[in-house]
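I am opening this notebook to keep track of what I look up in the structure, entry by entry. I begin with how far the model can be trusted and then move along the chain.

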Amino acid sequence: MMTMVMLLLTAGVCGWVIYPLLRSSGAESAEADVPLHELSHELIRLGRSLEELRFDLETDRLSAEEYARLAAELERRREGLLSRLVEKGKADAAHDKGPARRCPSCGKKVSRSDRFCSACGTALR
Ligand SMILES: [Zn+2]
């Protein structure tokens, strides 16, 4: 009897900790454009959750099946996040390409972030 209560309590606590995490991700995927730093924060949070899950497993607070199920869910979300990060990176890179920028003075190719031409030293805007 006591073991049963303990089990239920443990499951309840685990659910209480993990449920908001799972829920928040569902809401988040509905958003079209999440800022990059939000994505990386979420990635870090997922990593922590995975560590906590592993800890719960090692301390017998979580059964192997529960752990496998929850870890798979977290991994799945992490992969989704990673691919979104990659997509975002690609989009940003594409945005940065555009037509080549040239020095107005000597015509040498310069990068968008350059403030001065590397060939003739003309200030770029
Ligand atoms: Zn120049």
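Entry one, confidence. I am working from a predicted model, and I noted that the chain averages a pLDDT of 81, with 71% of the residues scoring at least 70. When I looked at where confidence falls and rises, I found its lowest point in helix α1, residues 2–30, at a mean of 58, while the highest is in α2, at 92. Residues 26–31 have a pLDDT below 50, and I found that this stretch has two contacts in the model beyond near neighbours in sequence.

Entry two, overall layout. I wrote down three helices and two strands for the chain, and reading from the N terminus on I found the order α-α-α-β-β. I also looked up burial and found that buried residues make up 9% of the 125 residues in the chain. Turning to contacts with a separation of 6 or more, I noted that 34% of them join residues 24 or more positions apart.

Entry three, helix α2. I looked up the length of α2 and found 23 residues reaching 33 Å from the first C-alpha to the last, close to the 33 Å expected at 1.5 Å a residue. Which residues of α2 are buried? I listed Glu42, Leu46, Ser49, Leu53 and Asp56.

Entry four, the core. I then looked for the largest nonpolar core and found that it has six residues, namely Leu46, Leu53, Leu62, Leu70, Leu74 and Leu81. Both α2 (36–58) and α3 (64–97) supply at least two residues of this core, and the largest share, three residues, comes from α3. I followed Leu53 further and, leaving aside residues up to four places away in sequence, found that Leu53 touches Leu62, Tyr67, Leu70, Ala71 and Leu74.

Entry five, after α2. What is notable about the phi of aspartate 60? I noted that this phi is positive, about 60 degrees, although aspartate 60 is not a glycine. Aspartate 60 sits in the loop between α2 and α3. I asked myself whether aspartate 60 is buried or exposed; it counts as exposed because it has 9 C-beta neighbours inside 10 Å, and the cut-off for exposed is 12 or fewer.

Entry six, cysteine 103. I located this residue in the loop between β1 (101–102) and β2 (109–110). Cysteine 103 has 19 C-beta neighbours inside 10 Å and therefore counts as partly exposed, as a residue needs 20 or more to be buried. Leaving out residues up to four places away in sequence, I found cysteine 103 touching Lys108, Val110, Cys117, Ala119, Cys120, Thr122 and Leu124. I also looked up the separation of cysteine 103 from serine 118, which is 15 residues apart from it along the chain, and found 9.1 Å between their C-alpha atoms.

Entry seven, the end of the chain. I placed arginine 125 in the segment after β2. With 4 C-beta neighbours inside 10 Å, arginine 125 counts as exposed. For a last distance I took arginine 125 and arginine 112, which are 13 residues apart in sequence, and I found them 9.0 Å apart in space, C-alpha to C-alpha.

Conventions
Residues numbered from 1 in each chain as written. Predicted model: local features only at pLDDT ≥ 70, side-chain atom pairs only at ≥ 80, totals over all residues. Core = buried A, V, L, I, M, F, W, Y, C linked by C-beta atoms within 7 Å. Helix = DSSP H or I, 4+ residues; strand = E, 2+ residues; numbered from the N terminus. Contact = placed C-beta atoms within 7 Å. pLDDT = per-residue confidence, 0-100. Expected span 1.5 Å × (residues − 1).
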